[in-house]
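Let's take a walk through a protein fold together. Have the picture open while you read, and look for each part as it comes up.

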Amino acid sequence: MGEKIRVYHNPNCPSSKHAVRIAGELGFDADVIVYQKTPPDRATLLWIAEHVEDPIADLVRKDSLFKKLELNPGDYTTPESVADLLVACKMLLQRPIVVRGDRAIIGRPKERIHALLTA
């Protein structure tokens, strides 16, 4: 077995599928979490927000659902506000999120996944 990583995954997302495939090809033991079925709790989201190498606001998808809910991107720039929103609306979690040790990234663009896993 390889090193353990976590992938917060949406099986309908090409970037998410890529993350899982690359992890397997590189010999990682991926704990694949389908976040729609098993959403991360607030404590986990806060941990991710503290360790993500991307701007915290990028953990939130600013898609059609975000617009439909009439949310303001400026309201989601702190770990607490992002965690609270994602607990309330798990579908707004950006994907994939890959966690290796004490590092977390949003796997977009896809090349970032390979970079994290080969570092």
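Start with one small detail: the side chain of serine 81 comes within 3.4 Å of the backbone nitrogen of threonine 77. Keep in mind that you're looking at a predicted model. Serine 81 belongs to helix α4, which covers residues 79-88. Is serine 81 buried or exposed? Its relative accessibility is 16%, and buried means under 20%, so serine 81 counts as buried. Leaving out residues up to four places away in sequence, serine 81 touches Asp75 and Tyr76.

Tyr76 turns up again in another neighbourhood. With residues up to four places away in sequence left out, valine 60 touches Phe66, Tyr76, Val82, Leu85, Leu86 and Leu92. Now for the cores. The largest nonpolar core has 24 residues, and within it Leu59, Val60 and Leu86 touch the most other members. At least two residues of this core come from each of α2 (42-51), α4, β3 (97-100) and β4 (103-106). There's also a second, separate core of 11 residues, with Ile5, Ile105, Leu116 and Leu117 among them.

Next, the sheet. It's an open one with 4 strands in the order β2-β1-β3-β4, and the pairing is mixed. Which strands sit at the edges? Those are β2 and β4, each of which pairs on one side only. On average, neighbouring strands in this sheet are turned by 20 degrees against each other, ignoring direction.

Strand β1 (residues 4-9) runs parallel to β2 (residues 29-34), and 6 bridges join the two. On its other pairing, β1 meets β3 in the antiparallel sense, over 3 bridges. Here are some residues that face each other across these pairings:

| Residue | Partner | Partner's strand |
|---|---|---|
| Isoleucine 5 | Alanine 30 | β2 |
| Arginine 6 | Aspartate 31 | β2 |
| Tyrosine 8 | Isoleucine 97 | β3 |

A handy thing to know when you look at any strand: in a regular one, side chains alternate between the two faces of the sheet.

Finally, see how the helices meet the sheet. Helix α1 (residues 14-25) joins β1 and β2 in a right-handed β-α-β unit. That helix, α1, lies across β1, β2 and β3, and runs at about 165 degrees to β1. Helix α2 packs on the sheet too, touching β1, β3 and β4, with its direction making about 105 degrees with that of β1.

Conventions
Residues are numbered from 1 along each chain as its sequence is written. This is a predicted model: local features need pLDDT of at least 70, side-chain atom pairs count only at pLDDT 80 or more; totals for chains, interfaces and linings use all residues. Side-chain values use heavy atoms; hydrogens and water are left out. Buried means under 20% relative accessible area, exposed over 50%, partly exposed in between (1.4 Å probe, protein chains only). A polar contact is a pair of N or O atoms within 3.5 Å; within protein, one must be able to donate a hydrogen and the other to accept it, and residues adjacent in sequence count only if both atoms are side-chain atoms. Contact means heavy atoms within 4.5 Å. A nonpolar core is a set of buried Ala, Val, Leu, Ile, Met, Phe, Trp, Tyr and Cys residues joined through side-chain atoms within 4.5 Å. Two strands pair if DSSP finds at least two bridges between them. A crossover is right-handed if, with the strands pointing away from the viewer, the path from the first strand over the helix to the second runs clockwise. Axes are lines fitted to C-alpha atoms, for helices over the stretch in contact, and angles run from 0 to 180 degrees between N-to-C directions.
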